[in-house]
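The exercises below are meant to be worked through with the sequence and the coordinates side by side. Each task is followed by a solution that proceeds in steps.

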Amino acid sequence: MICRIEIPFESSKRLNYSFYASSVMQGIIMENISGNYAEEMHKQALRPYSQFSACRSGQNIWTISVLSREAYDNIVIPILSMKQAEVRHNNDIITFGKPAVEIMTYQQLLCENSVNSARSDAVELDFTTPTAFKSSGKYVILPTLRLIFSSLAKRFDTFFGISNNNYEALADEIEENVTISDYKLSSSSFSLEGVRLPSFRGSLKIRIKGSGDFRSYIRMLCRFAEFSGVGIKTAIGMGQIRIKFLLKSGTSSL
């Protein structure tokens, strides 16, 4: 299963918690999960959750997404049981409101983007928090379709239970059949413990061609991105994405 929760919260000091506070919010997660599960996650190459904070029109929102039932039980359930939390970094108390919860199975994710789906093959990817990749030990702050979809495919396969996928062949197929039709990107940065991580923000519009199965797969990965995030350090707030399936007129479809 996959799940995303959006929790509104109020600050006792009336602070705005933008994405810069996401690493602080991760600390709340780590303080409220079992030590055994925290240790288990640190052994994994890919984290089973992503999270970030945002302030929208004066309202603080904490978004947490998990990619497995185990992560739901060990992360989401404890957080949903909380009424308040102490943010020691800010000497603040935050009070949680009623969460919005979206849950689906991996089978539902596949079905809603199936070959027979009415969804468009034109998609807008909106990188809502600073995003970056790491390749050959170096930060990459200019997104490529190969990096974006290889990152998503590896996350999906890990938590869906697929092994031995040929990612090089997939990347070649992506470069052949997925194109960027428009973009609005700018450089950005994310600070972590005084270290500046170079990154980017903005949006990409893509068009997908190829076989029906391939188009279905890419649409599914785009939708999956809203839960998994993309690139590095999604557990501390980086790489968060919102998507829109675009109609021919350029408007979005649900």
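A residue is called buried when its relative accessible area is under 20%, exposed when that area is over 50%, and partly exposed in between. The model is a predicted one, and the exercises begin with a helix to which this definition can be applied.

**Exercise 1. Determine which residues of helix α1 are buried, and what covers them.**

Solution. Step one is to go through residues 22–31, which form helix α1, and to pick out the buried positions, namely Ser22, Val24, Met25, Gln26, Ile28 and Ile29. Step two is to look for what covers these buried residues, and the cover includes the strands β1 (2–11), β2 (49–56), β3 (59–66), β4 (84–87) and β5 (92–96), together with helix α3 (69–80).

**Exercise 2. Describe the overall fold of the chain, and state how much confidence the predictor places in it.**

Solution. Step one is to count the elements: the chain contains seven helices and 13 strands. Step two is to compare the radius of gyration, 18 Å, with the 18 Å that the globule rule gives for 254 residues; the two are close, so the chain is as compact as a globular protein of that length. Its C-alpha trace spans about 55 × 40 × 35 Å along the principal axes, and buried residues account for 47% of the 254 residues. Step three concerns contacts with a separation of 6 or more, of which 74% join residues that are 24 or more positions apart. Step four is the confidence: the mean pLDDT of the chain is 91, with 97% of the residues at 70 or more. Among the elements, β3 has the highest mean pLDDT, 98, whereas strand β13 (residues 252–253) has the lowest, 53. Where pLDDT is low, the predicted coordinates should not be read in detail.

**Exercise 3. Classify the ring pair of Tyr106 and Phe160, and then follow Phe160 to its pair with Phe156.**

Solution. A pair of aromatic rings is described by the distance of the centres and the angle of the planes. Step one is to note that the structure holds 12 aromatic pairs. In the pair of Tyr106 and Phe160 the centres are 5.6 Å apart and the planes stand at 50 degrees, so the pair is tilted. Step two is to place the partners: Tyr106 belongs to helix α4 (residues 106–112) and Phe160 to helix α5 (residues 145–160), so the pair ties together parts that are 54 residues apart in sequence. Step three is to examine accessibility, by which Tyr106 counts as buried at 7%, while Phe160, at 35%, counts as partly exposed. Step four is to turn to the rings of Phe156 and Phe160, whose centres are 5.0 Å apart and whose planes are at 25 degrees, so this pair is stacked. Both of these residues lie in helix α5, four residues apart, about one turn of the helix, and Phe156 counts as buried at 2% relative accessibility.

**Exercise 4. Which residues of the largest nonpolar core touch the most other members, and which elements give two or more residues to this core?**

Solution. Step one is to identify the residues with the most partners: in this core of 35 residues they are Phe149, Val178 and Ile218. Step two is to list the elements that give two or more residues, which are the helices α4, α5, α6 (167–177) and α7 (212–228) and the strands β7 (122–131), β11 (195–208) and β12 (241–246). The largest share, eight residues, comes from α7. Step three is to inspect Phe149, which, apart from neighbours within four places in sequence, is in contact with Ile174, Val178, Ile206, Ile218, Leu221 and Cys222. Step four is to recognise a second, separate core of 30 residues, which includes Tyr17, Ile33, Tyr37 and Phe96.

**Exercise 5. Are the loop residues Ser57 and Asn91 buried or exposed, and what is the sign of phi at each?**

Solution. Most residues other than glycine have a negative phi, and most peptide bonds are trans. Step one is Ser57, in the loop between β2 and β3, where phi is positive at about 55 degrees although the residue is not a glycine. At 85% relative accessibility, Ser57 counts as exposed. Step two is Asn91, in the loop between β4 and β5, which has a positive phi of about 50 degrees and is likewise not a glycine. Asn91 is exposed, with a relative accessible area of 63%.

How values were computed:
Residues are numbered from 1 along each chain as its sequence is written. This is a predicted model: local features need pLDDT of at least 70, side-chain atom pairs count only at pLDDT 80 or more; totals for chains, interfaces and linings use all residues. Side-chain values use heavy atoms; hydrogens and water are left out. Buried means under 20% relative accessible area, exposed over 50%, partly exposed in between (1.4 Å probe, protein chains only). Contact means heavy atoms within 4.5 Å. Rings of Phe, Tyr and Trp (its six-membered ring) pair if their centres lie within 6.5 Å; planes under 30 degrees apart count as stacked, over 60 as edge-to-face and the rest as tilted. A nonpolar core is a set of buried Ala, Val, Leu, Ile, Met, Phe, Trp, Tyr and Cys residues joined through side-chain atoms within 4.5 Å. pLDDT is the predictor's confidence in each residue, from 0 to 100. The radius of gyration is taken over C-alpha atoms; the globule rule is 2.2 Å times the number of residues to the power 0.38.
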